[in-house]
Amino acid sequence: MSANKTFGPSYKYSHLCYASLLASFILFEHLMSIYWIALLLAGLCEIGWPLGLKLADLPNMRAWGLLLAIVSMTLSGFLLWYSLKEIPIGTAYAVWTSIGAVGTFTIGVLVFGDPNIAIRWAGVALILLGVILLKMGRASTYCGQLFYQPLISNLQVQPPKSAQQ
């Protein structure tokens, strides 16, 4: 067997696999399953409970704020549970919490006057980048070991030419 045997698509076709992964990610081909929709809704509900708790601090909104928080927590947990039937737990949890974190942060800045400074937005960008990389890592399994193949093939030790004869 040849030392250059690769897993998955051959290296000369790798650009097609990378292009299809990018297209898949950009067009949300895999995102539109019922499980991903449930996860996105769970993330939106994840925004509702801290918002409800913040509103409960206002004297005329105490009951409505607590109700919003309780309903949001319940729906968020149920929808997350449902999405875990198809989506890996690490990816689902990261997406769920990031939607909640980014959404709550944005509402805090826009509605409640939280500090609006560049370093905080950079933190939000890093959260989003992390989730994008997790999603792309999930999509890369469709191309087998292709993402790791260039690294692995560069690490292979070739026997000396005298040993090959």
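So, is Leu128 buried, exposed or partly exposed? Keep that in mind while I walk you through the model, which is a predicted one.

Let's start with the whole chain. We have 165 residues here, and 28% of them are buried. The protein has seven helices and zero strands, so to read the elements from the N terminus on, you just say alpha seven times: α-α-α-α-α-α-α. As for contacts with a separation of 6 or more, 68% of them are between residues 24 or more positions apart. And the surface? The accessible area of the protein is about 10900 Å², with 71% of that belonging to carbon and sulfur atoms.

Okay, now the inside. The largest nonpolar core is made of 13 residues, and Leu39 and Leu80 have the most contacts within it. Three helices each give two or more residues to this core: H2 (34-55), H3 (62-83) and H4 (89-110). H2 gives the most, with five residues. If you zoom in on Leu80, you'll find it touching Leu39, Ala42, Ala92 and Trp96, leaving aside residues up to four places away in sequence.

Now back to my opening question. Leu128 sits in helix H5, which covers residues 118-140. Leu128 counts as partly exposed, because its relative accessibility is 40%, and the partly exposed range lies between 20% and 50%. Leu128 also has company: together with Leu126, Leu129, Ile132, Leu133 and Met136, it forms a nonpolar patch on the surface. Taken together, those residues have about 530 Å² of accessible area.

That's the tour, thanks!

Notes
Residues numbered from 1 in each chain as written. Predicted model: local features only at pLDDT ≥ 70, side-chain atom pairs only at ≥ 80, totals over all residues. Heavy atoms only, no water. Patch = residues over 30% accessible without salt bridge, like charges linked within 9 Å, V, L, I, M, F, W, Y side chains within 5 Å. Areas by Shrake-Rupley, 256 points an atom, 1.4 Å probe, with all protein chains shown as cover. Salt bridge = Lys/Arg side-chain N within 4 Å of Asp/Glu carboxyl O. Helix = DSSP H or I, 4+ residues; strand = E, 2+ residues; numbered from the N terminus. Buried < 20%, exposed > 50% of the residue type's maximum accessible area, 1.4 Å probe, protein only. Core = buried A, V, L, I, M, F, W, Y, C linked by side-chain atoms within 4.5 Å. Contact = heavy atoms within 4.5 Å.
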